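Me: I should like a close look at a single part of this model, a strand and its pairing partners. Please then place the aromatic contacts beside it.

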Amino acid sequence: MTPLQSTGIFLVGCVAAWATFFKPPGSSAPSLGNAIVYGTGEQQWDVNVSPAKTITGHLIFQSVSSLLQHWPNTRYRNGHTIVPGWVPIGTTLYHGRSDPNYPKGAEWTATDPEHSFQFCKRPCWHLTVVTTRPLKILYFDGSSAVKMHGGSMDSQDILLWGGRRAEMVFSEEERLNQLCQWGREFDMDGFVRMEMNFEVMLCDFKSGVETVSFIHLANSSPSDPKPPGGGLNPAVTIRNFELMHSSSQYNQYPGDTRVKLDLTRLVSFYDPELAPSLIRMRNSCNDSRWLYDLTTIAPADVSTLHQKLRAALEVQENLTRVTSGVDWQTLFRVVINRFGSRLQNLRYVVIGSAHHSGSTILDDEDRVLKAFAQINVMLTPYVPYDLKPNVAADLRVAERVDHITLVWASPAYELCSTIHTSYIAKSLSGRMTPSERLLLGAVQDTTKEICRVLVKMWATGVEAGLDTKYWVRRPGRQEKRDHHDDRFSALARQWSVEIEHLMDWLDWHAWVSCSPACSDEEMCYMPTWPFFGGPPPGPAMSPESGTSSETNPESGSDKSNEWARPMPKCIRKIAPYSF
């Protein structure tokens, strides 16, 4: 046995002692409570142990942090979350029609008039109503109102019929009536979905709303969408653009705040207790979230869905209802604000700068040192004063040993991972609803992997001698000449893989934007049904009419697959418009 192997065995045996030794005086180690962990015992805080492929906390985190936001729910159309909520009193809603008859029974309303205009031609009668009390609603995330095959309506189909009903894509009246019939037991006033913009489907126009105005508009929709000379009618394209312009106001957090959601009663198809039958499908998609849908859900999981929804909706909505009291939406934002832009900057330094002609970063040494400085600052709140590698690190540098346990860095990994959740898990778990426990697990899974990767990158930098305050021996001048000091190239390669994998795993929509930025006459746009510029994987057209609601004759092959994996692009916001 070599001295290095003996040292490694000694270190593994002393993990607990190290963790205890590096606590500040008078403090106690953060308690994990009901934390979801990747490993057990020593593996739990081993930076070399990646999360299991079946982990879904990061998916729940991304889904919850995207609720009621147009951008992420357009990018990933197939929703996986159903949330009870309400539309507050005093909220105006809009309804367009081609006759002066006041709606009876169940009907659609839009949250913005640019959306409701699309549903009245000549003549255009436009109704504005206001809520006279809070309206109880159920929200389906994703692009749950677009008329496409591929999964955007799966969550509704499963709720109503136990599985996808492709033939019902355009049977919206029947869908609404059946949803309202299902919701009558729970005194449901309506349902919220997203099409080109958000909509509130009301079950009874006579209940909870009153008329503000109902007028015959002078500026009606054009009767002929195509001018005599062919091409697109400018009067149509400006309306279509303004519809997308109105929805872009809700692209990012906080989204459309006219709808309030109760996350303590959230139901998610990413919940492994609800839908274990979907795990195999997700694993087969090779992490391509565009392909995630609900078609393979088992009948037993459909029954679980109904049980969870019933339990959530039967809860008495009053001040005595027991919850943790945690502001979950804010907690999710804290994590995103803490790491989002910093991870993006780190990726640029480690990866993007090598491919950017305007970068000031000189070489791998410069790149690694600047990246390490950023990581060092990011982890400052979590690194105790006495946390240092032991002599094994010095031996690894001298002997060029590749395998690094980094067990000494576990205290920083644990504190970074649990600092936002340890109190919640320890002291509030007894008051949590099942949905809140799911949310807690999502934050724990997400922060744990972020901290694992960052602490691993930091610790390998420390062991490579990048920080002078640690006593790891740097190679001398002769060693640099003998070995060409390849530390920096090796770290640059290793860190590139780690930061890229982490950000792909997290997949936060805040990182998806137009690059380069759009000009003053342009707007960054996520291709949205039905304005794809190419055919969708199913009818984005009425089977009765056989015509698309919007067709761009100039669309080329570069646009033909925008429906498959929507990615942002710049479009004109001043005529002539383009999609």
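Reply: Thr131 stands opposite Val209 in strand 8. In this predicted model, strand 8 (residues 209–216) runs antiparallel to strand 4, and seven bridges join the two. Strand 4 (residues 125–131) also pairs with a second strand: six bridges join strand 4 to strand 2 (residues 92–97), and these two likewise run antiparallel. In that pairing, Trp125 of strand 4 is the bridge partner of Arg97. Strand 4 is mostly covered, with six of its seven residues buried. In a regular strand, side chains alternate between the two faces of the sheet.

As to the aromatic contacts, the structure holds twelve aromatic pairs. One of them is formed by Phe241 and Tyr577, whose ring centres lie 5.0 Å apart with the planes at 20°; the pair is therefore stacked, the cut-off being under 30 degrees. This pair links distant parts of the chain, 336 residues apart: Phe241 belongs to helix 8 (residues 234–248), whereas Tyr577 lies in the segment after strand 12 (569–572). Phe241 has a relative accessibility of 2% and counts as buried. Tyr577, with a relative accessible area of 18%, is buried as well, because buried means under 20%.

Ring pairs also link Phe61, Phe332, Trp508 and Trp511 into a cluster. Charged groups meet rings too: the charged end of Arg165 sits over the ring of Trp161, 5.0 Å from its centre, and that of Arg333 sits over the ring of Tyr253, 4.3 Å from its centre.

Methods
Residues numbered from 1 in each chain as written. Predicted model: local features only at pLDDT ≥ 70, side-chain atom pairs only at ≥ 80, totals over all residues. Heavy atoms only, no water. Phe/Tyr/Trp six-rings, centres within 6.5 Å; stacked < 30°, edge-to-face > 60°. Helix = DSSP H or I, 4+ residues; strand = E, 2+ residues; numbered from the N terminus. Buried < 20%, exposed > 50% of the residue type's maximum accessible area, 1.4 Å probe, protein only. Lys NZ or Arg CZ within 6 Å of the ring centre and 35° of its normal. Pairing = 2+ DSSP bridges.
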